Amino acid sequence: MSGALVIAEPDADEAVAAVLRKLAVVWTGFEARLEAVPLIRKLTRGRFELADYHAFLVQLRQQVKDGALWMSRAASNIDEQHLELRSILMRHAVAEHRDFRLLDADYVASGGARQAIENGEKNLGSEALSAWMFHKASQANPFGLLGAMFIIEGLGSIKAGEWGRRVCERLDLPTTAARFLLYHGENDAGHMEEFQAMLRLVLPDAATAAAIVRCAEVTARLYTLQIEEIAA
Amino acid sequence: MDPLSPVYITGCGAFLPGQPIDNEIMEDHIGRVGGAPSVFGRRALRWNGIARRHYALTPEGRWLHSNASMSAEAVLRALEAAGLGRADLDCLAAATTQGDLLVPGHASAVHGELGGGALELASFQSVCASALMAAKYAWMAVRTGEANCAAACAGEFSSRWFRPEFYEGGALIDTKGRLAMAADFLRFTLSDGAGAVVMESRPRPKGLSLRVQWIDMVSLAGRFDPCMWAGASEQGRAERDGGWSRRGPLAAHAEGAIALQQDFNLLKAVIRAWIGVYLDKVDAGRIDPRAVDHLLCHYSARSLREEIVGLLEATHAMIPEERWFTTLTETGNVGSASIWIMLEALVRSGRVQPGQRILCIVPESGRAMVGFMMLEAVEAVR
């Protein structure tokens, strides 16, 4: 093995670790901010009502539906040097692009009218979040979006399950009325390794590292705004 | 040149009351709520990995000590270890979760037990991190020349709150006579004792001293509700009129608002917040994990530690486990006193060599706070 390779490998490792460290800090700031959002406080403090859950599902639907779309757009803007990352994003988009139907089903199972969630509109925060995602995805090699994925996947693996259990407990609903939240809580845990592999495809590169962290910060703030804007 | 004085820990003291109490007899020692074994007790002991602890009361409920007397004993032992006496002390910063009296402060009670002439005093009341709040006061007092010899002590007498009569007749006990997990878990986790350090502007003339490089306290209370608390019901803990004194002691007892409780759901988020603060310090270069020779991390349960290792490894922020030092299994979780009990045991073990760095981390679930203290071992050059 050449000397250059021996030096290069720890660099990549260190670059991935450094980005993960910064992302973890962004995540904890985000999570702390979420704790203070009125809707989440209602959920964790026991005054959460069915109307709150329905409003929450309507907004989640906007973001989940758009998620697969911006991911597809991002994939279409990734060059030939990063085909592997393009493939991963496309597979991801395919796997998730029908997930919003699960939200519709939860809405109906918890007593809502299907038409109401299908006709739901983005709130101010959802508009901003969605516009931001499509804006980033439209740029060449939009690797910063990995930071957005970290935030959104983190919500799935860390918060969704807990929120789902609390919704059922507070509203006395069967688990079949919170499948989207409970399903993500159970299935997103393995995504961390996949995420590290994706980082490895674009790092080390100082500008990319900074773009990933910045995108995570903005996404976290806009995601919070989306939940803040849900009347509670 | 730094106009401020360097500060050295020149003595550590620990005090653990009575005989070690092992897991088989601990529940009978503090008393069975409703006369029946706890539903959660065994599970709690598996989680926290504690095998032995000490109590300042007998199985009959007789007090062997007070919080203040244990704290004073720890201060005297720290002075003794530093080669000093009570008369050398001119500043005392005392920490605890709950003092013996509601009023006045814990430091006054400790000074009362110590006796002797005038002292500067400072009382710090919080959960575990209060130990480092007091340490920071003592450090700053010596650093600025306000004190020549300052002691920081921390004491806990948790078991007195864990007697069955403390819960009976209140809302924390359900119709089947079982105590709520939020309160019961802590009965199997916390125990009694005290610890102290003595700080001076010069190292000991002989042997090792620990130079205090820095102490950082970070509170995230602006984002989180109380996570471990006493003095309010679960619902009332973050309300402006939720405190026990709003409705008076009898009504507060009836609604389960007096006992110590822990919110386990919130704890998970608080743990991640602590890790975030630590990672931020690593990222900023304040902490270099490779340059830490001994890590003293106060954690309330062994299971919590296992949960975070994966993330720390992925972010290259892990301090290898062979550098971790703890006395949790043998001395139990003594809240604010734990960090001093651990430090005293580490120094006594003879493992610390001149030039080595010791990082103390004290996360506190009270309302999302974490304290850090970096020490460097030095040997006096005569």
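This passage describes the confidence, the pocket and cavities, one helix and the unusual backbone geometry of a predicted model.

For the complex, the predictor gives an ipTM of 0.87 and a pTM of 0.92. In chain B the mean pLDDT is 94, and 97% of the residues of this chain reach 70 or more.

Rolling a probe the size of a water molecule over the atoms shows where empty space is left. The largest pocket holds about 880 Å³ of space, and its lining consists of 34 residues, among which B:Thr97, B:Gln98, B:Gln125, B:Ala230 and B:Gly231 lie nearest the centre of the pocket. By class, this lining comprises 16 nonpolar, 14 polar and four charged residues. At least two lining residues come from each of strand 4 (91–96), strand 5 (120–125) and strand 9 (228–229) of chain B, and strand 5 of chain B gives the most, with three residues. Because domain 1 (8–200) and domain 2 (210–377) of chain B both give residues to the lining, the largest pocket lies between them.

Besides this open pocket, a search of the whole structure finds eight cavities of 30 Å³ or more. The largest cavity has a volume of about 460 Å³ and is lined by 33 residues, with B:Trp274, B:Cys297, B:His298, B:Tyr299 and B:Pro363 nearest its centre. Several elements of chain B, namely helix 6 (181–187), helix 9 (264–283), strand 11 (294–297), helix 10 (302–314), strand 12 and strand 13, each supply at least two residues of this lining, and the most are given by helix 9 of chain B, with five residues. Domain 1 (8–200) and domain 2 (210–377) of chain B each contribute at least three residues to the lining of the largest cavity, which by class has 24 nonpolar, seven polar and two charged residues.

The second largest cavity contains about 350 Å³ of space, and of the 21 residues that line this cavity, A:Gln63, A:Val64, A:Ile152, A:Phe180 and A:His184 are the closest to its centre. Helix 3 (50–76), helix 8 and helix 9 of chain A each supply at least two residues of the lining of the second largest cavity, and this lining divides into 13 nonpolar, four polar and four charged residues.

In the loop between helix 8 and helix 9 (179–187) of chain A lies A:Ala178, which counts as buried because its relative accessibility is 1%, under the 20% cut-off. The C-alpha atoms of A:Ala178 and A:Asp66 are separated by 20 Å, the two residues being 112 residues apart along the chain.

Helix 12 (residues 338–349) of chain B was examined for its length and its burial. At 1.5 Å a residue, the 12 residues of this helix should span 16 Å, and the end C-alpha atoms are 16 Å apart, so the expected and modelled spans agree. Helix 12 of chain B is mostly covered, with nine of its 12 residues buried; these are B:Ser338, B:Ile339, B:Trp340, B:Ile341, B:Met342, B:Leu343, B:Glu344, B:Ala345 and B:Leu346. Just after this helix, B:Gly350 adopts a positive phi of about 75°.

Most residues other than glycine have a negative phi, and most peptide bonds are trans. Against this background, two residues other than glycine are of note for their phi. A:Asn141, in the loop between helix 7 (124–137) and helix 8 (145–171) of chain A, has a phi near 40°, and its relative accessibility of 22% means that A:Asn141 counts as partly exposed. B:Ala368 has a positive phi of about 60° and is placed in the loop between strand 12 (357–364) and strand 13 (369–379) of chain B; at 1% relative accessibility, B:Ala368 counts as buried.

Cis peptide bonds are found in both chains. In chain A, the bond from A:Leu203 to A:Pro204 is cis, with omega near 0°, and A:Pro204 is located in the loop between helix 10 (191–202) and helix 11 (206–228) of that chain. In chain B, the bond from B:Val103 to B:Pro104 is cis, with omega near -5°, and B:Pro104 is located in the loop between strand 4 and helix 4 (106–114) of chain B.

Terms used
Residues are numbered from 1 along each chain as its sequence is written. Chains are lettered from A and ligands numbered from 1 in the order in which they are written. This is a predicted model: local features need pLDDT of at least 70, side-chain atom pairs count only at pLDDT 80 or more; totals for chains, interfaces and linings use all residues. Side-chain values use heavy atoms; hydrogens and water are left out. Helices (H or I, at least four residues) and strands (E, at least two) are DSSP runs, numbered from the N terminus. The expected span of a helix is 1.5 Å times one less than its number of residues. Buried means under 20% relative accessible area, exposed over 50%, partly exposed in between (1.4 Å probe, protein chains only). pLDDT is the predictor's confidence in each residue, from 0 to 100. On a 1 Å grid over the protein atoms alone, a cavity is a set of points where a 1.4 Å probe fits but cannot get out, and a pocket is an open set with protein on both sides within 12 Å along at least five of seven lines; lining residues have an atom within 4 Å of a point. Grid points are joined across faces, edges and corners, and a volume is the space filled by probe spheres set on the points. Ala, Val, Leu, Ile, Met, Phe, Trp, Tyr, Cys and Pro count as nonpolar, Asp, Glu, Lys and Arg as charged, and the others, Gly among them, as polar. Domain bounds come from an automatic or database domain assignment.
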